Amino acid sequence: MKAINTMKLAIQSRSVNEGFARTATAAFIGPLDPTVEEVSDIKTAVSEAVTNCIVHGYRERIGIIYITASVYPDNKVAVKIKDKGCGIEDIGRAMEPMFTTSTGGERAGLGFAVMQSMSEKVKVSSSPGKGTTVTLTFRIRQKQ
C-alpha cells in the first residue's frame, strides 16, 4: 500500500529531543483529525520508542534517531523509529514486561508493553551491533 503522505525526521539521541519527536509526530497526523486519546496514544508510544533508542540503543554515546511517519488510505498511520546503536540480542525477551538491560534500577522494563497497549501493531527488527527499528501502526477512527 502506498503512503498518502510521509514525514522524515533525524534527531540526536539526547533526552531533550524526545519531546520534540512526539510533538512533531502528533503535528504530522493532525490533518487526520484524531481524537485526544488517539494523539495521546501515538505520542506516548513514540516517546517510549525514542527513549529506548536513547537509553538502550546508544547507551553512553550520542547517535542519530531516524523517525519516519506515513499516512496510508483508511487513516492508517505507521511510525518507524530507527537507531544504529547496539541492537537487541533477544527481541522476544526484550519485549517481556519488566525486562530491562538498564542497570541501577531506574528503568521498569515496560517500554515495549506500553507501545503494544497504545498501538494497533508493534514490529521490532534488530541486529546486534547494527541497530533496531520499531514500527508502530495506528488507525485513526473516522469521525461520524
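How many helices and strands does the secondary structure of the protein chain come to? The chain has four helices and five strands, as seen in a predicted model.

## Overall architecture

Read from the N terminus, the elements of the protein chain follow the order β-α-α-β-β-α-α-β-β. The chain has 144 residues, and 44% of them count as buried. Its accessible surface comes to about 8100 Å², and carbon and sulfur atoms account for 49% of that area.

Contacts in the chain can also be sorted by separation in sequence. Among those between residues at least 6 apart, 65% join residues that are at least 24 apart.

## Helix H1

Helix H1 covers residues 18–29, a total of 12 residues. At 1.5 Å a residue, a span of 16 Å is expected, and the C-alpha atoms at the two ends lie 17 Å apart, which agrees with that expectation.

The buried residues of H1 are Glu18, Ala21, Ala24, Thr25, Ala26, Phe28 and Ile29. As a general point, an α-helix has 3.6 residues a turn, so residues three or four places apart point the same way. The buried residues of H1 pack against one helix, H2 (36–57), and against the strands S1 (5–12), S2 (64–72) and S3 (76–83).

## Strands S4 and S5

Strand S4 spans residues 121–127 and includes Val122. With a relative accessible area of 16%, Val122 falls under the 20% cut-off and is therefore buried. Val122 and Val134 are separated by 12 residues in sequence, while their C-alpha atoms are 6.9 Å apart in space.

Thr133 belongs to strand S5, which runs over residues 131–139. Is Thr133 buried or exposed? Thr133 is buried, because its relative accessible area is 15%, and the cut-off for a buried residue is under 20%. When neighbours within four places in sequence are left aside, Thr133 is in contact with Lys80, Ile81 and Lys82, and also with Lys123, Val124 and Ser125. Of these partners, Lys80, Ile81 and Lys82 lie in strand S3 (76–83), whereas Lys123, Val124 and Ser125 lie in strand S4 (residues 121–127).

## Cysteines and disulfides

How many disulfides does the structure hold? The structure holds zero disulfides. In general terms, a disulfide is a covalent bond between the sulfur atoms of two cysteines.

Cys53 has a relative accessibility of 4% and so counts as buried. Residue 53 falls within helix H2 (36–57). Cys86, with a relative accessible area of 27%, is partly exposed, because this value lies between the 20% and 50% cut-offs.

How values were computed: Residues are numbered from 1 along each chain as its sequence is written. This is a predicted model: local features need pLDDT of at least 70, side-chain atom pairs count only at pLDDT 80 or more; totals for chains, interfaces and linings use all residues. Side-chain values use heavy atoms; hydrogens and water are left out. The expected span of a helix is 1.5 Å times one less than its number of residues. Buried means under 20% relative accessible area, exposed over 50%, partly exposed in between (1.4 Å probe, protein chains only). Contact means heavy atoms within 4.5 Å. Accessible areas come from the Shrake-Rupley method with a 1.4 Å probe; for residues, only the protein chains shown count as cover. A disulfide is a pair of cysteine sulfur atoms within 2.5 Å.
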